[in-house]
Amino acid sequence: MSEQSSRAVRIHAAGGPEQLVIDTVSVGDPGPGQVRIRHHAVGLNYIDVYQRTGLYPFPMPLALGMEGAGVIEAVGEGVTHLKAGDRAAYAANPPGSYCDVRVMPAMNVCKLPDSIDFETGAAMMLKGLTAQYLLKRCKPVEGLEAGDFVLFHAAAGGVGLIACQWAKALGLKLIATAGSDDKCKLALEHGASHAINYRTEDFVARVKDITGGQGVKVVYDSVGKDTFEKSLDCLKPFGLLASFGNASGPVPPFAPGILGAKGSLYLTRQTLFTHITSRERTQSMADDLFAVIASGQVKIRIDQRFALADVRKAHESLEARSTTGCTVLLP
Ligand SMILES: NC(=O)c1ccc[n+]([C@@H]2O[C@H](COP(=O)([O-])OP(=O)(O)OC[C@H]3O[C@@H](n4cnc5c(N)ncnc54)[C@H](OP(=O)(O)O)[C@@H]3O)[C@@H](O)[C@H]2O)c1
């Protein structure tokens, strides 16, 4: 039995970035189905903000972070896909990746291809697997084919810039929205067919204009409260609103009749964690992500790097909408 200590960023009460503190915790050996991983880089995600503020409630104290990459130090009984010394990366529950070293379930931890560095591995797993299932598994009832228009909000963010590139690789015409002209430019440089600054332009009117009055087959909406109703107005009849986040706040309750009135629309609220409930499923999605990166069609853009000790600044930047692409924390 070996015991070592690790820094772990935790909260002891829900609240603002000031709640993030660095505690020293003790880390033991992995039990059955677990691994011990030493992080070289940790991914920052908007879900970490929802957990910190209490929008997604957890028992306290809560160790934050759902994405990371590093080296496997030890594996528990029954773990066959990893061994000590392997380079690995993951998006996984339970939270706790904002640390030097941790013990965690092995199921969602994947071997990292040699061609992918640790920072990229830490930045891409949660966001890349999300783009994967949104574009490949979250389909409108009438299907999604090359040449179809889709609308993707917050397209210059972490998930967004991956989705722009992947959608282009699939032949989709992705209309991006973003909160500044510079962010719109970034989305276009990453494969969006059109970009709309939704702080200054009416995105419903622009989408109608771009699509010749037709609307899009799917809207991918992670902004939530501020965009929800207008997103419905961008859809073709029988179109799909794929809601997958609440950066502006949760969508308030609404009457389902609105879906009928706006064209027999479909609504789904998706989360990655329903898609990665088995080792096989996780690995096949990760293999698809590794392949699109190896092909050069998707590049992982890391625009912000913070020391783990500067985690408060990292959260402040993400919430202030001042980040683009992915952000990593470095232990
Ligand atoms: N359900 C899932 O499976 C899943 C998985 C991963 C991520 N997500 C969601 O996908 C979204 C993107 O995640 P990410 O980690 O890549 O973050 P991100 O896109 O890098 O950052 C969030 C972006 O949301 C936009 N935004 C719009 N209104 C906002 C507001 N009031 N406050 C703050 N930001 C606002 C900002 O871009 P603009 O300035 O361009 O508007 C901001 O940069 C998040 O909502 C996240 O929760 C969901």
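Here are three exercises on the ligand site and a pocket of this predicted model.

**Exercise 1.** Find the polar contacts between the ligand and Tyr50, Tyr133 and Val159, and say how much of the ligand the protein buries.

*Solution.* Start with the cut-off: a polar contact is a pair of N or O atoms within 3.5 Å. In Tyr50, a polar side-chain atom sits 2.8 Å from a ligand oxygen. For Tyr133, a side-chain N or O atom is 2.7 Å from an oxygen atom of the ligand. Val159 uses its backbone instead, with an N or O atom 2.9 Å from a ligand oxygen. Now turn to area: the ligand taken alone exposes 900 Å², and the protein buries 92% of that.

**Exercise 2.** Describe the shell around the ligand: which residues come nearest, and which helix gives the largest share?

*Solution.* Begin with the 28 residues around the ligand, of which Tyr133, Lys183, Tyr198, Leu272 and Arg321 come nearest. Next, sort the shell by type: 13 nonpolar, 11 polar and four charged residues. Then look at the helices: helix 2 supplies the largest share, three residues. Finally, check the domains: domain 1 (4-126 + 278-330) and domain 2 (139-269) each contribute at least three residues.

**Exercise 3.** Characterise the second largest pocket by its volume, its lining and the strands involved.

*Solution.* First, the volume of this pocket is about 240 Å³. Its lining has 15 residues, with Val25, Ala63, Gly96, Arg102 and Val103 closest to the centre. Strand 1 (4-11), strand 2 (21-27) and strand 7 (101-105) are the elements giving two or more residues to that lining. By type, the lining residues divide into 10 nonpolar, three polar and two charged.

Conventions
Residues numbered from 1 in each chain as written. Predicted model: local features only at pLDDT ≥ 70, side-chain atom pairs only at ≥ 80, totals over all residues. Heavy atoms only, no water. Near = heavy atom within 4 Å. Polar contact = N/O pair within 3.5 Å; in protein donor to acceptor, adjacent residues only side chain to side chain. Areas by Shrake-Rupley, 256 points an atom, 1.4 Å probe, with all protein chains shown as cover. Helix = DSSP H or I, 4+ residues; strand = E, 2+ residues; numbered from the N terminus. Nonpolar A, V, L, I, M, F, W, Y, C, P; charged D, E, K, R; others polar. Domains from an automatic or database assignment. 1 Å grid on protein atoms, 1.4 Å probe; cavity = no way out; pocket = protein on both sides within 12 Å on 5 of 7 lines; lining within 4 Å. Points joined across faces, edges and corners; volume = space filled by probe spheres on them.
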